[in-house]
Amino acid sequence: MANLTINGKVIDLDVEPDTPLLWAIRENAGLTGTKYGCGIAQCGACTVHLDGAAVRSCGVTVSEAVGKQITTIEGLASDGGLHKVQQAWLENDVPQCGYCQSGMIMAVAALLKDNPKPSDQDINDAITNICRCGTFAQVREAIHAAANA
Ligand code: FES
Ligand code: FES
């Protein structure tokens, strides 16, 4: 059993401590907005926030997440509405198939928290998520739009 705090709620999950956090989020907590792409911390589809920092949840164990605030795409918006990154994504028509996009949005939200006006180089350095549909140009535009929102 493990106690995880996901999107502000403490939940008891029947998982082994060395289970990848991604499985606990998807299979045990039922939050399927976080996607499985590569399973080896390369693609970024599984990105969530741990205490506000972007992490690739396939590469983090449940035991490493105990006691931390886990935020998934389902918890990014607040009562006040969509997160500014989600809003910029909609306004700039970023997604194509959508598969990589929740991880991309979580990575960008963490970047803008630490660096509210990132340069193109900052974006290149920080956002290494892979998009098979090649939405990288729209992602960059939407990041600048969110930064200026
Ligand atoms: S599924 Fe975690 S980085 Fe690809
Ligand atoms: S929108 Fe299809 S993989 Fe990124």
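**Exercise 1. The hairpin and its sheet**

How many residues lie between E3 and E4 in the hairpin that they form, and which residue in the turn has a positive phi? Work this out on the predicted model, and then place the two strands in their sheet.

*Solution.* Begin with the pairing: strand E3, residues 47–50, runs antiparallel to strand E4, residues 53–56, and four bridges join them. Within this ladder, Val-48 has Val-55 of E4 as its bridge partner. The hairpin leaves two residues between the strands, and Asp-51 in the turn adopts a positive phi of about 50°.

Next, widen the view to the sheet, which is open and consists of five strands in the order E2-E1-E5-E3-E4, with mixed pairing. E2 and E4 are the edge strands, and because each has a single partner strand, one side of each is left without a neighbour in the sheet. From one strand to the next the twist averages 40°. A parallel pairing is found between E1 and E5, which share two bridges, and here Ile-6 is matched with Ile-70 of E5.

**Exercise 2. Helices on the sheet**

Determine which strands H1 lies across, and which strands H4 touches where it packs on the sheet.

*Solution.* H1 lies across E1, E2, E3 and E5, and its direction is at about 80° to E1. H4, in turn, packs on the sheet by touching E3, E4 and E5, with its direction making about 35° with that of E3.

The side of H1 that is buried can then be read residue by residue: in this helix, residues 21–28, the buried positions are Leu-21, Leu-22, Ala-24 and Ile-25. An α-helix has 3.6 residues a turn, so residues three or four places apart point the same way. The buried residues of H1 pack against E1, E2, E3 and E5 and also against helix H2, residues 62–65. Just after H1, Gly-30 takes a positive phi of about 75°.

**Exercise 3. The cores and the crossing of H4 and H6**

Identify the residues with the most contacts inside the largest nonpolar core, and describe how H4 and H6 cross.

*Solution.* The largest nonpolar core has 23 residues, and those with the most contacts inside it are Val-85, Trp-89, Met-104, Val-108, Leu-112, Ile-127 and Ile-143. Helices H3 (84–91), H4 (101–114) and H6 (136–148) each supply at least two residues of this core, the largest share, eight residues, coming from H4. A second, separate core comprises 16 residues, among them Ala-2, Leu-13, Val-15 and Val-62.

For the crossing, the axes of H4 and H6 come within 11 Å and cross at roughly 40°, in a right-handed sense. H4 contributes Met-104, Val-108 and Leu-112 to the contact, while H6 contributes Phe-136, Val-139, Ile-143, Ala-146 and Ala-147. Leaving aside residues up to four places away in sequence, Met-104 touches Trp-89, Ile-127, Asn-129, Cys-131, Phe-136 and Val-139.

**Exercise 4. The salt bridges**

Find the two salt bridges of the structure, and decide for the residues of each pair whether they are exposed or partly exposed.

*Solution.* One of the two pairs is Lys-113 with Asp-114, whose closest N and O atoms are 3.9 Å apart. Lys-113 has a relative accessible area of 52% and therefore counts as exposed, as does Asp-114 with 63%, given that the cut-off for exposed is over 50%.

The other pair is Asp-120 with Arg-140, the closest N and O atoms being 3.3 Å apart. This pair links distant parts of the chain, 20 residues apart, with Asp-120 in helix H5 (residues 120–126) and Arg-140 in helix H6. Here Asp-120 is partly exposed at 38% relative accessible area, and Arg-140 is likewise partly exposed, at 26%.

Conventions. Residues are numbered from 1 along each chain as its sequence is written. Chains are lettered from A and ligands numbered from 1 in the order in which they are written. This is a predicted model: local features need pLDDT of at least 70, side-chain atom pairs count only at pLDDT 80 or more; totals for chains, interfaces and linings use all residues. Side-chain values use heavy atoms; hydrogens and water are left out. Two strands pair if DSSP finds at least two bridges between them. A nonpolar core is a set of buried Ala, Val, Leu, Ile, Met, Phe, Trp, Tyr and Cys residues joined through side-chain atoms within 4.5 Å. Buried means under 20% relative accessible area, exposed over 50%, partly exposed in between (1.4 Å probe, protein chains only). Contact means heavy atoms within 4.5 Å. A salt bridge is a side-chain nitrogen of Lys or Arg within 4 Å of a carboxyl oxygen of Asp or Glu. Axes are lines fitted to C-alpha atoms, for helices over the stretch in contact, and angles run from 0 to 180 degrees between N-to-C directions. A crossing is left-handed if the near helix is turned anticlockwise from the far one by less than a right angle, and right-handed if clockwise.
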